[in-house]
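Before reading on, please look through the sequence and the model shown here, and keep both at hand while the report moves from strands to helices and then to single residues.

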Amino acid sequence: MRVQHGYSDLLRGLTHYLSRGQLLLLSACLSLGLVLLGNSALSQPNSIEAVSETAPTNAAVYHFKVGDLKAMVVSDGTLSFPANFFVPKADPNAVTSVLTDHFLSTEDVFAHVNALYIETDEHQVLIDTGSGDAFGPTAGHLLKNLQAAGVAVTDIDTVILTHAHPDHIGGILDADGQLRLPNAQFYISQAEADFWTADTVELPKSLLDEETKAGLIATAKGTMMAIRDRTTLFTMGDEVIPHIQAVDSAGHTPGQASYLITSGEESLLATGDVFFSDPLNLENPDWEVAFDGDPEQGVIARRNLLETVTAERRLLLVPHMPFPGLGHVRPQADAYGWEPIVWRFTV
Ligand SMILES: [Zn+2]
């Protein structure tokens with residue numbers, strides 16, 4: 001920035017002394033000099049900007065289809081938090097043991113943030129919007145990754161929200177409170193919108209500390225109010241738009257919805273936050289989760305959903321399971337296990 005600023009200041013100053021032709025020539029020479037300067041910066045191994053711009057990364061999108069519908073899981077990045085913060089009432093030895101069995105860190109739960117993009121006949125749809133600026137540099141990359149996959153933020157006309165936590169609605173507004181998805185209409189359940197926009201919002205059963213609760217409430221309320229003129233509310237069971245039906249998943253939040261996406265003979269259930277980790281929530285579905293607004297109801301919702309999707313052998317997209325978060329749940333002893341899909345290179 002500083003270089004560009006100095007460059008334009010320099011040109012402005014020189015206009016008093018040089019003819020237009022001389023100025024254009026000088027401008028071309030200076031531009032060439034800056035390009036060469038840029039190239040030499042790239043060759044320096046300790047140039048952080050250069051490395052992050054050029055280093056290869058792993059895939060952040062996964063293309064697939066649901067019947068005739070084009071679909072894509074897009075990564076927003078990752079989050080992590082201490083295991084004993086995540087399931088605070090579970091026996092710490094049991095938590096350590098099950099994480100060790102899965103070859104996972106016993107300190108931190110590592111959660112992906114996956115969002116779903118769907119193209120129907122009429123709409124370009126995003127289910128949830130990622131974290132935006134809410135959680136620092138490991139997350140908030142959804143819209144950038146979407147753009148890299150060829151979908152501009154202006155292309156999205158429909159945003160369907162599972163619930164109003166910051167890792168799902170954080171991508172809606174930028175730091176100035178402006179819409180990042182300027183052409184979108186928003187959909188959220190009536191129960192979810194009513195809860196967060198009430199005059200008094202409290203989370204008396206939550207296991208989170210008061211400061212974290214206050215942050216969740218402020219973000220949800222502020223965002224819901226900011227988009228209220230372009231938000232359509234629905235009831236559980238409704239068809240939100242053709243091909244996409246709301247499925248009650250309340251517990252994590254009072255109006256959380258999952259979405260059953262159907263085309264022809266194929267279907268996919270894009271869940272809200274019902275489970276996050278196979279060792280902690282599928283093998284131990286009764287462990288209460290700190291992020292659930294009502295942890296006891298969270299256990300009931302998890303048990304209900306797991307029983308249903310196992311019986312139906314339903315394909316799932318789960319927001320916080322390892323990317324791309326597509327897979328099936330199977331019965332395992334008296335609990336459940338996760339079977340991720342096999343990665344395909346062709347759609
Ligand atoms: Zn979440």
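## Strands, helices and some unusual residues

In this predicted model, strand S10 (residues 257-263) and S11 pair in the antiparallel sense, and 5 bridges hold the record of that pairing. Within the pair, Ile-261 stands opposite Leu-268 in S11. The two strands form a hairpin with 2 residues between them, and in this hairpin Gly-264 takes a positive phi near 60°. S11 is also joined to S12, in this case by 2 bridges between strands that run parallel, and here Ala-270 stands opposite Leu-317 in S12. As general background, the strands of a sheet pair through backbone hydrogen bonds, and they do so in either a parallel or an antiparallel way.

The chain as a whole has a secondary structure of 11 helices and 14 strands. Of its 347 residues, 37% are buried. If one takes the contacts in the chain with a separation of 6 or more, 67% of them are between residues 24 or more positions apart.

### The sheet of seven strands

An open sheet is built from 7 strands in the order S1-S2-S3-S4-S5-S6-S7, and its pairing is mixed. At its edges lie strand S1 (61-66) and strand S7 (231-234), each of which pairs on one side only. On average, neighbouring strands of this sheet are turned by 25° against each other, with direction ignored. Inside the order, strand S4 (residues 124-127) and strand S5 (residues 158-160) run parallel and are joined by 3 bridges, and the bridge partner of Leu-126 in S5 is Val-159.

The largest nonpolar core has 78 residues, and the members that touch the most others are Leu-116, Tyr-117 and Ile-160. Strand S3 (residues 108-119) gives the most to this core, namely 7 residues. Apart from its neighbours within four places in sequence, Ile-160 is in contact with several residues, including Val-125, Ile-127 and Tyr-187, and also Val-240, Ile-244 and Tyr-259.

### Two helices and their buried faces

Helix H8 (residues 190-197) lies across strand S6 (185-189) and S7, and runs at about 90° to S6. Which residues of H8 are buried? They are Glu-192, Ala-193, Phe-195 and Trp-196. Seen down the axis of H8, these buried residues fall within an arc of 165°, and therefore they line one face of the helix. The partners against which the buried residues of H8 pack are S6, helix H9 (210-226) and S7.

Helix H11 (residues 295-312), which has 18 residues, reaches 25 Å from its first C-alpha to its last, and this is close to the 26 Å expected at 1.5 Å a residue. Its buried residues are Pro-295, Gly-298, Ala-301, Arg-302, Leu-305, Leu-306 and Val-309. Because they cover an arc of only 130° around the axis, they are on the same side of H11, whereas Glu-296 and Ala-311 are exposed on the other side. The buried residues of H11 pack against strand S11 (266-270), helix H10 (278-282), strand S12 (316-317), strand S13 (326-332) and strand S14 (335-340).

### Backbone angles that stand out

The table lists residues with a positive phi, together with the place of each in the chain.

| Residue | Phi | Place |
|---|---|---|
| Phe-103 | about 60° | loop between helix H5 (92-101) and S3 |
| His-243 | near 85° | loop between strand S8 (239-241) and strand S9 (244-248) |
| Arg-313 | about 50° | just after H11 |
| Gly-264 | near 60° | hairpin of S10 and S11 |

Is Phe-103 buried or exposed? Phe-103 is exposed, because 7 other C-beta atoms lie within 10 Å, and a residue counts as exposed at 12 or fewer. His-243, in turn, is buried, because 22 other C-beta atoms lie within 10 Å, and the cut-off for a buried residue is 20 or more. Neither Phe-103 nor His-243 is a glycine, although both have a positive phi.

One peptide bond also deserves a look, since Phe-323 and Pro-324 are joined by a cis peptide bond with omega of about 5°. Pro-324 is found in the loop between S12 and S13.

Methods
Residues numbered from 1 in each chain as written. Predicted model: local features only at pLDDT ≥ 70, side-chain atom pairs only at ≥ 80, totals over all residues. Pairing = 2+ DSSP bridges. Helix = DSSP H or I, 4+ residues; strand = E, 2+ residues; numbered from the N terminus. Axes fitted to C-alpha atoms, helices over the stretch in contact; angles between N-to-C directions. Contact = placed C-beta atoms within 7 Å. Core = buried A, V, L, I, M, F, W, Y, C linked by C-beta atoms within 7 Å. Arc of directions from axis to C-beta. Expected span 1.5 Å × (residues − 1).
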